[in-house]
Amino acid sequence: MTLGHFIKQIRTQKGLSQPQLAEQMCVEQSYLSKLENDKSVPSNEVFRKLLTALNLPLDECMQTLSTQGKREELSQIPDIEYWYKQDQQSKQKQYKQLAILAILLVSLGVGLFWSGYKQIFFSEKLFEYESQGVLQAGEPVELYRKWHAYLVPHSKNSDREFFEQVELAMAKRLDKKTVFFSDYKGSAYTESVTDGRRHYRFQGPKFSERAENAWLQFVGLLCLSAGVMLTLVGKRLVKP
């Protein structure tokens, strides 16, 4: 859309004839006709009179002309050229803000994805410890594993019935408990419980997937994608 076509379009929308608009602008009708037919470019003073006569703010005018008009032609008018410069500066400022936000989002996205992938916050490697049962005061920590060595007399003539009684008693006391830790606590450790103490032995490492790590990676990818999208939007924003 040329400036002349724009003037004619707005004049028509306002319900003004060419002589009426020329009178309000204090210019000759023939001159206004030249403007509408793109045979002349208005001076800055005439352009201001045009906007006043049409009761049209410059920003409202440029909403159409900046997207549909020819900048080379329009920039001959100082007010419009100044508007273009101000608009570009505003877009540059917005672009910088978007660029900073995009960098933050990309950095956050990479950090979250990497922490989830490497299991930095939520380890999927667990250490399993097992206790066979509760130990009473004075009982050795290996009682449940080697009870026959501690409770059955060391004699070839040991009473078979006594052995079975001890075996049955230990079977009743058997109360296995398994716990998992994210940190290695050594080959064994002992903790106090209400009715005695428990001795835990290390069983080996276990691996279990944790939803937290999957979510960290998912959110990280979202942040990364948002950062890339903001970068593309910013580039389009400052594109002439």
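In this predicted model, Met-25 is in contact with Leu-32, Val-46, Lys-49, Leu-50 and Ala-53, once its neighbours within four places in sequence are left aside. Met-25 belongs, with Leu-21, to the largest nonpolar core, a set of 26 residues in which these two touch the most other members. At least two residues of this core are supplied by each of helix H1 (3-13), helix H2 (18-25), helix H3 (29-36), helix H4 (44-53), helix H5 (58-68) and helix H7 (78-117), and H4, with 5 residues, gives the most. Such an arrangement may be set beside the general tendency of nonpolar side chains in soluble globular proteins to be buried together.

Apart from this core lies another, made up of 7 residues that include Leu-135, Tyr-144, Val-152 and Val-166.

Turning to internal voids, the structure holds 1 cavity of 30 Å³ or more, and the volume of the largest cavity is about 90 Å³. Its lining is formed by Glu-130, Ser-131, Gln-132, Gly-133, Leu-135, Val-141, Tyr-144, Arg-145, His-199 and Arg-201, with strand E1 (125-131) and strand E5 (196-207) being the elements that give two or more residues to it. By residue class, the lining of the largest cavity divides into 3 nonpolar, 4 polar and 3 charged residues. Leu-135 and Tyr-144, which are among the members of the 7-residue core, also appear in the lining of the largest cavity.

Terms used
Residues are numbered from 1 along each chain as its sequence is written. This is a predicted model: local features need pLDDT of at least 70, side-chain atom pairs count only at pLDDT 80 or more; totals for chains, interfaces and linings use all residues. Side-chain values use heavy atoms; hydrogens and water are left out. A nonpolar core is a set of buried Ala, Val, Leu, Ile, Met, Phe, Trp, Tyr and Cys residues joined through side-chain atoms within 4.5 Å. Buried means under 20% relative accessible area, exposed over 50%, partly exposed in between (1.4 Å probe, protein chains only). Helices (H or I, at least four residues) and strands (E, at least two) are DSSP runs, numbered from the N terminus. Contact means heavy atoms within 4.5 Å. On a 1 Å grid over the protein atoms alone, a cavity is a set of points where a 1.4 Å probe fits but cannot get out, and a pocket is an open set with protein on both sides within 12 Å along at least five of seven lines; lining residues have an atom within 4 Å of a point. Grid points are joined across faces, edges and corners, and a volume is the space filled by probe spheres set on the points. Ala, Val, Leu, Ile, Met, Phe, Trp, Tyr, Cys and Pro count as nonpolar, Asp, Glu, Lys and Arg as charged, and the others, Gly among them, as polar.
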